[in-house]
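Student: I have not seen this structure before. Please take one part of it and go through it closely.

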Amino acid sequence: MRARQVRHASFLGSALLAALVIAGAAGAQSQPKLPTELPVPKTGSPPAASEAAPAPAAPAPSSNVPEGARDPFEPLIRKSAPGEDRAHEISGLRLVGVIWDARDPGQIRALVETADGLGYYLRANEEKFGGTVVAIGRDRIRFSVREQAPGGPSRTRTVELRLNKPDGQ
């Protein structure tokens, strides 16, 4: 009886080993084969000492990005320098729509779009684009912008963006 158990265990062990070998061979076949040697870039002969080397050109944008498309490695949002005039950012905005919530009238939001096509939801009293949203109406949004004149007092100015009406209205 003991000899039978030993033969049975030996058979199971060899069957398990054969299954592992077959699975390993099947897995190795499904993986892509990589080239053994890497291609070496061709280099020209070095320029003679008498020849002047051309000045290096400015780095070109990535050749993989189609013309007119955004480079995926550039950040979407750039922080402006502290001394930069932020009032110009509001002038570059376009009011796209106003969103009213029937259940909560205090939750009015304005949808604005920047010159580069990014959209933002703004609420009353929110500080964005160098100004503060002071009012949102049916077809307009008002910003309060604080400006500092060089060598003079600061002043507050109101900038209003209106919703473009469709033709015929």
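Tutor: Read along the sequence, the chain follows the pattern α-α-β-β-β-β-β-β-β. That comes to two helices and seven strands. The model is a predicted one, and its chain has 169 residues, of which 14% count as buried. The chain exposes about 14400 Å², with 57% of that area supplied by carbon and sulfur atoms. Among contacts between residues at least 6 apart in sequence, 26% join residues at least 24 apart.

The part to look at is the open sheet formed by four strands in the order S4-S5-S6-S7, with antiparallel pairing. Strand S4 (127-128) and strand S7 (154-162) each have a single partner strand, so they stand at the edges and one side of each is left without a neighbour in the sheet.

Start just before S4. The loop between strand S3 (119-123) and S4 holds Asn125. Asn125 is not a glycine, yet its phi is positive, at about 70°. The relative accessible area of Asn125 is 64%, which is over the 50% cut-off, so the residue counts as exposed.

Next comes Glu127, a residue of strand S4. Glu127 has a relative accessible area of 65% and is exposed as well. Its C-alpha atom is separated by 9.8 Å from that of Val145, and the two residues are 18 apart along the chain.

After S4, the loop that leads to S5 contains Phe129. Here too a residue that is not a glycine has a positive phi, in this case about 60°. In contrast to the exposed Asn125, Phe129 has 9% relative accessibility and counts as buried. Phe129 also belongs to the one aromatic pair that a search of the whole structure finds. The partner is Tyr120: the ring centres are 5.2 Å apart and the planes stand at 85°, so the pair is edge-to-face. Tyr120 is buried, as is Phe129.

Now follow the chain into the middle of the sheet. Strand S5 (residues 131-136) pairs with strand S6 (residues 140-148) over four bridges, in the antiparallel sense. One residue to find here is Ala135, whose bridge partner in S6 is Arg142. Arg138 is worth a look as well: its charged end sits over the ring of Trp100, at 5.9 Å from the ring centre.

The other neighbour of S6 is S7; these two run antiparallel and are joined by nine bridges. They form a hairpin with five residues between them, and Gly151 in that turn has a positive phi of about 75°.

Finish with Glu147, which is found in strand S6. Which residue of S7 is the bridge partner of Glu147? The partner is Arg155. The side chain of Glu147, however, makes a polar contact with the side chain of Arg157, at 2.7 Å. Is Glu147 buried or exposed? Its relative accessible area is 18%, and because buried means under 20%, Glu147 counts as buried. The other glutamate on this route, Glu127 in S4, is exposed.

How values were computed: Residues are numbered from 1 along each chain as its sequence is written. This is a predicted model: local features need pLDDT of at least 70, side-chain atom pairs count only at pLDDT 80 or more; totals for chains, interfaces and linings use all residues. Side-chain values use heavy atoms; hydrogens and water are left out. Two strands pair if DSSP finds at least two bridges between them. Buried means under 20% relative accessible area, exposed over 50%, partly exposed in between (1.4 Å probe, protein chains only). Rings of Phe, Tyr and Trp (its six-membered ring) pair if their centres lie within 6.5 Å; planes under 30 degrees apart count as stacked, over 60 as edge-to-face and the rest as tilted. A charge sits over a ring if NZ of Lys or CZ of Arg is within 6 Å of the ring centre and within 35 degrees of the ring normal. Contact means heavy atoms within 4.5 Å. Accessible areas come from the Shrake-Rupley method with a 1.4 Å probe; for residues, only the protein chains shown count as cover. A polar contact is a pair of N or O atoms within 3.5 Å; within protein, one must be able to donate a hydrogen and the other to accept it, and residues adjacent in sequence count only if both atoms are side-chain atoms.
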